[in-house]
Each structure stands twice: as structure tokens, then as C-alpha cells.
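Work through the two exercises below with the coordinates open. Each task is followed by a stepwise solution.

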Amino acid sequence: MRNAKDTSLDVAENLANVRRLISAAEAARNNSDAPVELIAVSKMHSVETIKMALASGHRVFGENRVQETQKKWPDQRDRYPDLSLHLIGPLQTNKSADAVELFDVIQTVDRPKLARALASHIQKSSRNPECMIQVNIGDEAQKAGVSIADFPDLLAQCRGEFDLPISGVMCIPPVSENPAPYFALLAKLADRHDLKTLSMGMTGDYETAIKFGATSVRVGTGIFGPRPTIV
Ligand SMILES: *Cc1c(COP(=O)(O)O)cnc(C)c1O
């Protein structure tokens with residue numbers, strides 16, 4: 001297991017490598033799209049490890065749990081005002097107020113009850129996190145995200161009934177399958193509904209995701225190494 005004291009872990013070098021591969025994938029898709037945003041997924045990693053990424057200038061991070069984020073991030077938020085924290089894990093409705101306070105982007109809106117709660121907390125708060133809808137792109141029983149069939153209704157409710165602006169969509173394709181058709185499907189869905197932000201692609205497949213139009217990629221292992229089991 002790797003940790004901050006393990007000299008084989010060079011976060012700055014990993015970040016530079018990932019950025020290089022992102023640039024190459026951007027160039028290969030041969031268009032004038034905005035640069036791809038790299039979200040460094042720091043879930044399960046210690047503050048010590050995260051500080052290596054901050055020290056090298058990185059400011060955009062992804063976490064999947066509210067409580068873990070409350071423990072790890074407030075000090076860094078004070079130190080780095082330009083920090084951007086993305087929630088990429090499932091959110092319980094009763095934690096939506098905390099999520100509004102903690103995160104700059106909430107990528108995992110996936111049901112009306114949660115969307116309604118987020119909208120209500122945003123209205124009462126001085127914070128205004130960007131919200132995205134997570135789509136269960138492979139229609140997997142155990143996976144979070146709204147089904148493709150229910151997506152249009154949820155989006156319409158967010159835009160109309162709840163007044164919760166939605167900037168884009170995110171997905172996690174089925175693990176043991178070729179992700180390309182799923183990335184293509186999410187891109188088509190976003191395009192059809194006039195959504196600009198496409199969060200797709202992780203360590204194993206972010207170059208493919210960029211080829212299919214990803215505007216954000218979420219990379220954990222490729223930057224921080226294997227996740228420790230205890231924070
Ligand atoms: C953990 C996680 C990632 C990062 O996965 P890696 O394979 O380590 O890059 C990306 N997206 C989500 C939603 C995750 O939960």
C-alpha cells in the first residue's frame with residue numbers, strides 16, 4: 001500500500017503525465033472545444049497526499065462522501081480560495097444542506113427528491129454549487145444515477161418545477177465492458193438536451209472518454225496511486 005511517505009508515489013509527476021495524455025487526446029479529437037477539466041479524485045486518500053497535489057498547483061478535486069470531505073477539506077479551503085471541490089458519489093437527501101456548503105459542483109443529482117432538497121438549500125444559502133445529473137448509462141440494477149428513460153422528466157423538473165439549473169451529465173459505465181458506446185450514448189443525451197458539461201472517464205478510460213467529447217475527466221488512481229483502505 002502506498003502512502004505519502006512512500007517515495008515511489010510522485011503525485012506531481014503523475015499529474016504532469018496525466019495532463020500530457022489529456023492534451024494529446026484533446027489534440028487528437030481535432031476540434032476547438034474548451035480544454036478538458038482534470039478532476040483529481042482524492043477519496044480515501046490522506047490530507048498529506050492531497051497536499052502534494054495542491055503544492056504542485058492542482059486545484060480541482062473529487063470526493064465521494066460528505067463526511068470525509070468535512071474532515072479533510074475545510075483547512076485547505078481556507079488556504080486555497082481558488083479550490084474547486086466536486087461531489088462524485090451518491091448523496092443522501094438528509095446530507096444535501098452539507099453538500100451545498102462543501103462542494104462547488106454536485107455531479108450526482110439523480111432523483112426528484114434530492115433535486116428539490118438541493119434547490120431549497122441553495123435558495124436559503126449564500127452558496128450556489130453547479131449541479132449535474134448522474135445517468136445510470138448501462139442501466140445497472142446496483143448503480144446510482146437516473147435511468148435513461150427517466151432522465152428527460154428529471155431534467156424538466158429541475159429546470160421547471162425546482163428552478164435548479166443543471167449544467168451537464170456524468171456517468172460511470174459498466175466496469176467490465178468497453179466504455180466507448182456508453183460514452184457515445186451520454187454525449188448524445190447531453191447534446192439532445194442542450195447540456196454542455198460531460199463528466200466521463202476515469203483512470204482506465206479517460207483518453208477514450210475525451211475522444212467521445214468528455215469536458216471533465218475524474219482521475220484517482222492515475223494521480224494518487226491505489227487507494228488506501230483507511231483514511
Ligand atoms: C473513484 C471514482 C473515480 C476515480 O477512479 P480511478 O479509477 O481511481 O481513476 C472516478 N469517478 C467516480 C465516480 C469515482 O467514484
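The exercises concern the ligand site and aromatic pairing.

The model is predicted, with local features needing pLDDT of at least 70 and side-chain atom pairs pLDDT 80 or more, while totals for chains, interfaces and linings use all residues. Residues are numbered from 1 along each chain as its sequence is written, and side-chain values use heavy atoms, without hydrogens and water.

**Exercise 1.** Describe the surroundings of the ligand and its polar contacts.

Step 1. List the residues with a heavy atom within 4 Å of the ligand: V41, K43, I88, M170, I172, M202, T203, R218, V219, G220, T221 and R227.

Step 2. Sort this shell by class (Ala, Val, Leu, Ile, Met, Phe, Trp, Tyr, Cys and Pro nonpolar; Asp, Glu, Lys and Arg charged; the others, Gly among them, polar). The result is six nonpolar, three polar and three charged residues.

Step 3. Look for polar contacts (N or O atoms within 3.5 Å). A polar side-chain atom of R218 is 2.8 Å from a ligand nitrogen atom. Ligand oxygen atoms are approached at 2.8 Å by a polar side-chain atom of R227 and at 2.8 Å by a backbone N or O atom of G220.

Step 4. Compute the cover (Shrake-Rupley, 1.4 Å probe): of the 390 Å² accessible on the ligand alone, the protein covers 90%.

**Exercise 2.** Find the aromatic pairs and place them in the fold.

Step 1. Apply the ring rule (Phe, Tyr and six-membered Trp rings, centres within 6.5 Å; planes under 30 degrees apart stacked, over 60 edge-to-face, the rest tilted). One aromatic pair results.

Step 2. F61 and W73 form this pair, with centres 4.9 Å apart and planes at 45°, hence tilted.

Step 3. F61 belongs to strand β2 (60-63) and W73 to the loop between α3 (66-72) and α4 (74-79), so the pair ties together parts twelve residues apart in sequence. Helices (H or I, at least four residues) and strands (E, at least two) are DSSP runs, numbered from the N terminus.

Terms used. A polar contact is a pair of N or O atoms within 3.5 Å; within protein, one must be able to donate a hydrogen and the other to accept it, and residues adjacent in sequence count only if both atoms are side-chain atoms.
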